[in-house]
Amino acid sequence: MEKLFITYTANGRSFTCESAETEHFTVEEEKQGCRTKLYINAKTPVCVQKFQVMLPYGYEKGQRVFVNGYQSWTDSREYDLDEEMTSLSKFTERYVKNPLVKRIGIGKSGDYFICDYPRQKGVFYGFSYGYVRTGERIDIFGSLSERCGFTIVRFEAGNSRVIIEKDLEGVTFDGKTLVADFAVIGGEYDKAFDDYFEMMGVKCRANEPKCGYTTWYNYYGTINQDIVMRDLESLSRLEEKVDIFQIDDGYQKAIGDWLETKGEKFPNGMKAAADAIHEKNMLAGLWLAPLAATANSSVYKNHKDWLVRDAKGKLYVAGPNWGPFYAIDIYNKEAADYIRNFFSVILNDWGFDMVKLDFLYAACVLPIHGKSRGEVMCDAMDLIRDCVGDKLILGCGVPLMPAFGKVDFCRIGADVDLCWRRKKHRIREDVSTPNTVNCTIFRRHLNGRAFLNDPDVFLLRDNNLDMTFEQKKLLAKINGLFGSLLFVSDNVRDYDEAKKQVFLDTIRKKNVKIKKAEFCEKDVITVEYTADGVDGTLKFNSETGTVLK
């Protein structure tokens, strides 16, 4: 058996062990090829604070390490072995853990209360899976199920090891329980990921890329019926078919009250909006955050018992958005019935074809009801898929592995900013064009295996946007090469001929094969690809949005 490091409590006392057998439990191993299952067989109730499996690994000069961030928005990319994970400033790390700040929810979208952030060269960590790349070959270290707890994969080049760690907070073990299920898979990049997803038994639900429009990145919460109808009409006049028209945040009275719309904004109601979209031969999409509720919502005012509480019984803030918001407890039967009902109305009575489901991480901000965060998130995605049935889901703000095979499309990076500049003292999940571009490129292996990747919008308009035309074209090019859901938020009627041509070229269906994509020097990425059988190369600075020769 691999080397273990476990800290736990039993019978009111704390213990540390590096053995598979203690007076309180044994760890049993089941190996099958490259797959390992570990079970805790507890003789008495045991709570595990840390469970780590140490795997020896010989790192070599020139290798790259990929780490997958906690959720959709978390920065994720490859690192050189002599780099340090530097995306989180010390100021920000201290700030989010300040008791007053924690109370308003800043940082709850990330892993700041689960993991310690490494500040050492050659030490990296991510969630669910990661890999070491040597040229075209990779070695994947990946969980095969997060239902028994989130898996944290740590790479320590200086110690010549990879650590598989489980987040088991909130779970009491009594009897025999699966605690870890992971594999180490080596091979050529695409083949290794094919083998990994086959071993997981995950298949991509959607098989056809789509293009479309969302109201968010131009109007944000100020949308109304007139804006929707105007931009819908503009899109319908294009010679290239647009697949989806999505109405984003701003139609509802409050976060949590999805069936109570703002009548002054949409006087004809949401069914009429969906009907109008269908008349233009597009699928109708609607944004909601189905597991969130704010203090001004009817859910909060009338059903506080539906909301997640901490160990002291106090309502637990899930994030600062909307000033702030709380998470719905999916295990509360009345709350689950409420969720089923609003999905039924939106999809069946109103007639929407796709729901963009945001802030899904809220489900697992705390381990609840004796379940780990990973199990809670898996259960939440099971519930959501069951509610939505065969209609389309665009997932967002979600720990990715529980969404594998459950959503049709998924955001794989942070929100695109209206500029290309990186802002200082931000959490890893904040709005950032450089971060989302890196995620788009380095999470490309999920596209067509876990779901179809949504790289977020590209934007071409002149107003309300601080990017050069060259930066706009670069973002469109990256999304077109790597993405399978290509959205804008512009009124395309305002495009001049050059912008219109970029838009049409981007959304036009293409057969793209990425042959190589990597950092060739600091902040500079080189992409080699074929598009419809024609070879191409793209070289650019991801921090500045500058195309290089």
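A residue counts as buried when its relative accessible area is under 20%, as exposed when that area is over 50%, and as partly exposed in between. By that yardstick Asn464, at 40% relative accessibility, comes out as partly exposed. Asn464 sits in the loop between strand E24 (452–454) and helix H12, and its backbone is a bit unusual too: phi is near 55 degrees, a positive value in a residue other than glycine. For context, most residues other than glycine have a negative phi, and most peptide bonds are trans. The model described here is a predicted one.

Zooming out, the protein holds 13 helices and 29 strands. Its radius of gyration is 23 Å, close to the 24 Å that the globule rule gives for 549 residues, so the protein is as compact as a globular protein of that length. Along the principal axes, the C-alpha trace spans about 70 × 60 × 40 Å. Of the 549 residues, 61% count as buried. The accessible surface adds up to about 21500 Å², and carbon and sulfur atoms account for 46% of that. As for the contacts between residues at least 6 apart in sequence, 69% join residues that are at least 24 apart.

Now to the strands. Strands of a sheet pair through backbone hydrogen bonds, either parallel or antiparallel. Strand E9 (residues 137–143) has six of its seven residues buried, so the rest of the structure largely encloses it. E9 has an antiparallel partner in strand E8 (residues 129–134), with six bridges between the two; in this pairing Tyr131 has Ile140 of E9 as its bridge partner. E8 and E9 make a hairpin with two residues between them, and Gly135 in the turn takes a positive phi of about 65 degrees. E9 also pairs with strand E12 (residues 172–188), again in the antiparallel sense, over seven bridges. Here Arg137 is matched with Glu188 in E12.

Strand E17 (residues 283–288) tells a similar story about burial: five of its six residues are buried, so E17 is largely enclosed by the rest of the structure. Its pairing, though, is parallel. Strand E14 (residues 244–247) runs parallel to E17 and is joined to it by four bridges, with Phe245 bridged to Ala284 in E17. Strand E21 (residues 354–357) is another parallel partner of E17, also over four bridges, and Trp287 stands opposite Lys356 in E21.

A small open sheet is built from three strands in the order E18-E20-E19, with antiparallel pairing. Strands E18 (292–294) and E19 (317–319) form its edges, each pairing on one side only. From one strand to the next, the twist averages 55 degrees. Two bridges hold E19 and strand E20 (residues 325–327) together in the antiparallel sense, and Val317 has Tyr326 in E20 as its bridge partner. The loop between E19 and E20 contains Pro324, and the peptide bond leading from Gly323 into Pro324 is cis, with omega near -20 degrees.

Another open, antiparallel sheet lines up four strands in the order E26-E27-E28-E29. Its edges are strand E26 (512–521) and strand E29 (546–547), each of which pairs on one side only. Helix H12 (residues 469–482) packs on this sheet and touches E26, E27, E28 and E29, with its direction at about 130 degrees to that of E28. Inside the sheet, strand E27 (residues 524–531) and strand E28 (residues 534–541) run antiparallel and are joined by eight bridges; one of the matched pairs is Ile525 with Phe540 in E28. The loop between E27 and E28 holds Asp532, whose phi is near 55 degrees, a positive value in a residue other than glycine.

Finally, a helix pair. The axes of helix H8 (residues 333–349) and helix H9 (residues 373–388) come within 9 Å and cross at roughly 35 degrees. The crossing of H8 past H9 is right-handed. On the H8 side, the residues that meet H9 are Ile339, Arg340, Phe343 and Leu347, and on the H9 side they are Leu383, Asp386, Cys387 and Val388.

How values were computed: Residues are numbered from 1 along each chain as its sequence is written. This is a predicted model: local features need pLDDT of at least 70, side-chain atom pairs count only at pLDDT 80 or more; totals for chains, interfaces and linings use all residues. Side-chain values use heavy atoms; hydrogens and water are left out. Two strands pair if DSSP finds at least two bridges between them. Axes are lines fitted to C-alpha atoms, for helices over the stretch in contact, and angles run from 0 to 180 degrees between N-to-C directions. The radius of gyration is taken over C-alpha atoms; the globule rule is 2.2 Å times the number of residues to the power 0.38. Buried means under 20% relative accessible area, exposed over 50%, partly exposed in between (1.4 Å probe, protein chains only). Contact means heavy atoms within 4.5 Å. Accessible areas come from the Shrake-Rupley method with a 1.4 Å probe; for residues, only the protein chains shown count as cover. A crossing is left-handed if the near helix is turned anticlockwise from the far one by less than a right angle, and right-handed if clockwise.
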